[in-house]
Amino acid sequence: MVTTYTTTVRHTGLAFGEGPRWHDGRLWYSDFFRHGVFSLGDDGERLEVGVHGQPSGLGWRADGTLLIVSMTDQVILAVGADGVPRAYADVSEHCGYWANDMVVAADGTAYVANFGFDIDRWLEQLADPPPEGEPRCSPRTTALIVVDPDGSVLQVAGDLKFPNGMVLTEDGRTLVVAETTGGQLSAFDVATDGKLANHRVFATLQGVAPDGICLDREGQVWVANAMAPQCLRVAEGGEVTATVTTQKNCYACMLGGEDRTTLYLMTAPTSTPKLASAARDGQVESVEVAVPGAGRP
């Protein structure tokens, strides 16, 4: 039996929210087009860090340093106690297009995703094919970039279809990644040095564009469907055990709250940059679910 949920709106006025994380009793997230990392609590929203470029994935090292993916710069920024973002790792050499989401392990190893190709141009050309002879944009596979705690690139794990949201299991030994244009979740074994091996399918999701994801204590993954106002709870093998209907298209999710049973969802009418950057129609929605969150982020 599939459990169904509907959400309530917690906060409005976002342009495009991504990378939600539960940290220090607040929901943290990036807003692409307000160029900052924000947090949301009972006292409302506050700007935590301004980012000159377009922020996406977030994560913390054990010493409290916040790492931020700066998408269009294709770098990871580090924010220390002084609150100033500084370049930490340049991943541009390994990005097929913009850098994107990220998860940071307990030892500080960062796993960084990237688009692989210009997905917005591809979608535009699908809707409005270019004239004969004009170059067409096509989906390409790309890599996950493993960044060592010292900021150097440790590994490039290739052959993924738009790797996006990621989670690490509680023991840190398995990484699950959403492949947005592949319509699936994939898994890797994580070695003690942080390197990835044994790339395999965790779940195939027909008709779904998996975006941001989070993990619960039963080992199931909540998956934001970027093509619909929907978030799915998925078991390994692909069984859908719960669905959440959101008010707008759902792009990311995070289990938080005191008991980690509040599912926060980042929603917006569209991800098209020209439209999303000009509006403030994104929002944070939430719903209480049965199984608490686990792992990282």
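This is a short selection-by-selection tour of a predicted model.

**Stop 1: strand β25**

Select residues 282–288, strand β25. Six of its seven residues are buried, so expect little of this strand at the surface under the 20% cut-off for burial.

Now add residues 8–14, strand β2. β2 and β25 run antiparallel and are joined by five bridges. To find the register, pick L14: G282 of β25 stands opposite.

Next, add residues 262–268, strand β24. β24 also pairs with β25 in the antiparallel sense, here over six bridges. Use M266 as the marker, with V284 of β25 opposite.

**Stop 2: the largest nonpolar core**

Keep V284 selected and add Y29, W222, C231, V244, L263 and L265. These seven have the most contacts inside the largest nonpolar core, which has 24 residues. Which strands each supply at least two residues of this core? They are β4 (26–31), β5 (36–41), β20 (221–225), β22 (240–245), β23 (249–256), β24 and β25. Color β23 separately: its five residues are the largest share of the core. As background, nonpolar side chains in soluble globular proteins tend to be buried together.

Center on L265. Set aside its neighbours within four places in sequence. Its contacts then include C231, V244 and V284, along with T7, T246, C250, A252 and C253. On the β25 side, look for Q283, E285, S286 and V287, which L265 also contacts.

**Stop 3: salt bridges**

The whole structure holds ten salt bridges. Start with D43 and R26, whose closest N and O atoms are 2.8 Å apart. D43 sits in the loop between β5 and β6 (44–50) and R26 in strand β4, so the pair ties together parts 17 residues apart in sequence. Is each partner buried or exposed? D43 is exposed, at 59% relative accessibility. R26 is buried, at 9%.

Move to R200 and D189, which meet at 3.1 Å, N to O. R200 lies in strand β18 (residues 196–204) and D189 in strand β17 (residues 184–190), so this salt bridge links parts eleven residues apart in sequence. R200 is partly exposed at 27%, and D189 is partly exposed at 31%.

Then select R86 and D82, a salt bridge at 2.9 Å, N to O. R86 is partly exposed, with a relative accessible area of 46%. D82 is partly exposed too, at 46%.

Finish with D31, R34 and E45 shown together: a network of salt bridges links them.

Technical notes:
Residues numbered from 1 in each chain as written. Predicted model: local features only at pLDDT ≥ 70, side-chain atom pairs only at ≥ 80, totals over all residues. Heavy atoms only, no water. Buried < 20%, exposed > 50% of the residue type's maximum accessible area, 1.4 Å probe, protein only. Helix = DSSP H or I, 4+ residues; strand = E, 2+ residues; numbered from the N terminus. Pairing = 2+ DSSP bridges. Core = buried A, V, L, I, M, F, W, Y, C linked by side-chain atoms within 4.5 Å. Contact = heavy atoms within 4.5 Å. Salt bridge = Lys/Arg side-chain N within 4 Å of Asp/Glu carboxyl O.
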